[in-house]
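Please open the model in a viewer and keep the sequence panel at hand. The tour below proposes a series of selections and states what is to be found at each.

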Amino acid sequence: RPATPVNPPRHETLRACGEGATLDHQVRPKAMQDFDDLENKIKALAKDQSQLRAMWRQLDFNGNGVVSLAEIDKWVVENYPLLNHKPALMRCYKQTMERKDEFVHAKEFKRLIVNLFYFNK
């Protein structure tokens, strides 16, 4: 039977990464100024049809004309981390759906964006 070492070797993977691996991922408190800046951006976006279409194509990457809650959640996390609050997202999603078929359709996208912001603020 092999003897158990007194001081087993340390796994250096995480240690090698150090603080650099998480340096840019620090959570900071949400500030009202952040919401004010985003509100101005959302208002401008809601008036620009070409930008709305481009964002819809990004969100509806498979081109089927509808997006699920999971697709919206992923898109919010990647593009609007300030709005990443699951209860607010769920309320927004339920309020935005006209057909109640569990999908948000292209014509509802503008309402989704605006609701998403206001349900978080």
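Begin with the whole chain, which is a predicted model. Among contacts between residues at least 6 apart in sequence, 55% join residues at least 24 apart. Colour the chain by secondary structure next: the protein has 6 helices and 2 strands, and their order from the N terminus is α-α-α-β-α-α-β-α. With a surface displayed, the exposed area is about 8,700 Å², of which carbon and sulfur atoms supply 55%. Buried residues account for 31% of the 121 residues.

**The nonpolar core**

Select Leu 59, Ile 72, Trp 75, Leu 83 and Phe 109. Within the largest nonpolar core, which has 25 residues, these five touch the most other members. At least two residues of this core come from each of helix H2 (32-47), helix H3 (49-59), helix H4 (69-79), H5 and H6. Which helix gives the most to this core? That helix is H6, with 5 residues. In soluble globular proteins, nonpolar side chains tend to be buried together.

Now centre the view on Ile 72. Leaving out residues up to four places away in sequence, Ile 72 touches Leu 59, Val 67, Leu 89, Tyr 93, Val 104 and Leu 112. Leu 59 thus appears again, as one of the core residues selected above.

**Helices H5 and H6**

Two packed helices are described by the angle between their axes and the distance between the axes. Select residues 86-96 for helix H5 and residues 109-120 for helix H6; their axes come within 9 Å and cross at roughly 145°. What is the handedness of the crossing of H5 and H6? The crossing is right-handed.

Show the side chains at this contact. On the H5 side, select Ala 88, Leu 89, Arg 91, Cys 92, Gln 95 and Thr 96; on the H6 side, select Arg 111, Leu 112, Asn 115, Leu 116, Phe 119 and Asn 120. Coloured by residue class, the residues of the contact comprise 6 nonpolar, 4 polar and 2 charged.

From this set, keep Asn 115, a residue of helix H6. Is Asn 115 buried or exposed? Asn 115 counts as buried because its relative accessibility is 14%, below the 20% cut-off. Apart from residues up to four places away in sequence, Asn 115 touches Cys 92, Gln 95 and Thr 96.

**Ala 46 and its contacts**

Move to Ala 46, which lies in helix H2. Its relative accessibility is 13%, so Ala 46 counts as buried. Add Lys 110 and draw a distance between the two C-alpha atoms: Ala 46 and Lys 110 are 64 residues apart along the chain, yet these atoms are separated by 6.2 Å. With neighbours within four places in sequence set aside, Ala 46 is in contact with Leu 52, Lys 110 and Val 114.

**The loop between H5 and S2**

Finish in the loop between H5 and strand S2 (104-105), where Lys 100 is found. Phi of Lys 100 is near 55°, a positive value in a residue other than glycine. Lys 100 counts as exposed because its relative accessibility is 52%, over the 50% cut-off. Then select Glu 102, which has its place in the loop between H5 and S2. Phi of Glu 102 is also positive, near 75°, and this residue is likewise not glycine.

Definitions and conventions
Residues are numbered from 1 along each chain as its sequence is written. This is a predicted model: local features need pLDDT of at least 70, side-chain atom pairs count only at pLDDT 80 or more; totals for chains, interfaces and linings use all residues. Side-chain values use heavy atoms; hydrogens and water are left out. Axes are lines fitted to C-alpha atoms, for helices over the stretch in contact, and angles run from 0 to 180 degrees between N-to-C directions. Helices (H or I, at least four residues) and strands (E, at least two) are DSSP runs, numbered from the N terminus. A crossing is left-handed if the near helix is turned anticlockwise from the far one by less than a right angle, and right-handed if clockwise. Contact means heavy atoms within 4.5 Å. Ala, Val, Leu, Ile, Met, Phe, Trp, Tyr, Cys and Pro count as nonpolar, Asp, Glu, Lys and Arg as charged, and the others, Gly among them, as polar. Buried means under 20% relative accessible area, exposed over 50%, partly exposed in between (1.4 Å probe, protein chains only). Accessible areas come from the Shrake-Rupley method with a 1.4 Å probe; for residues, only the protein chains shown count as cover. A nonpolar core is a set of buried Ala, Val, Leu, Ile, Met, Phe, Trp, Tyr and Cys residues joined through side-chain atoms within 4.5 Å.
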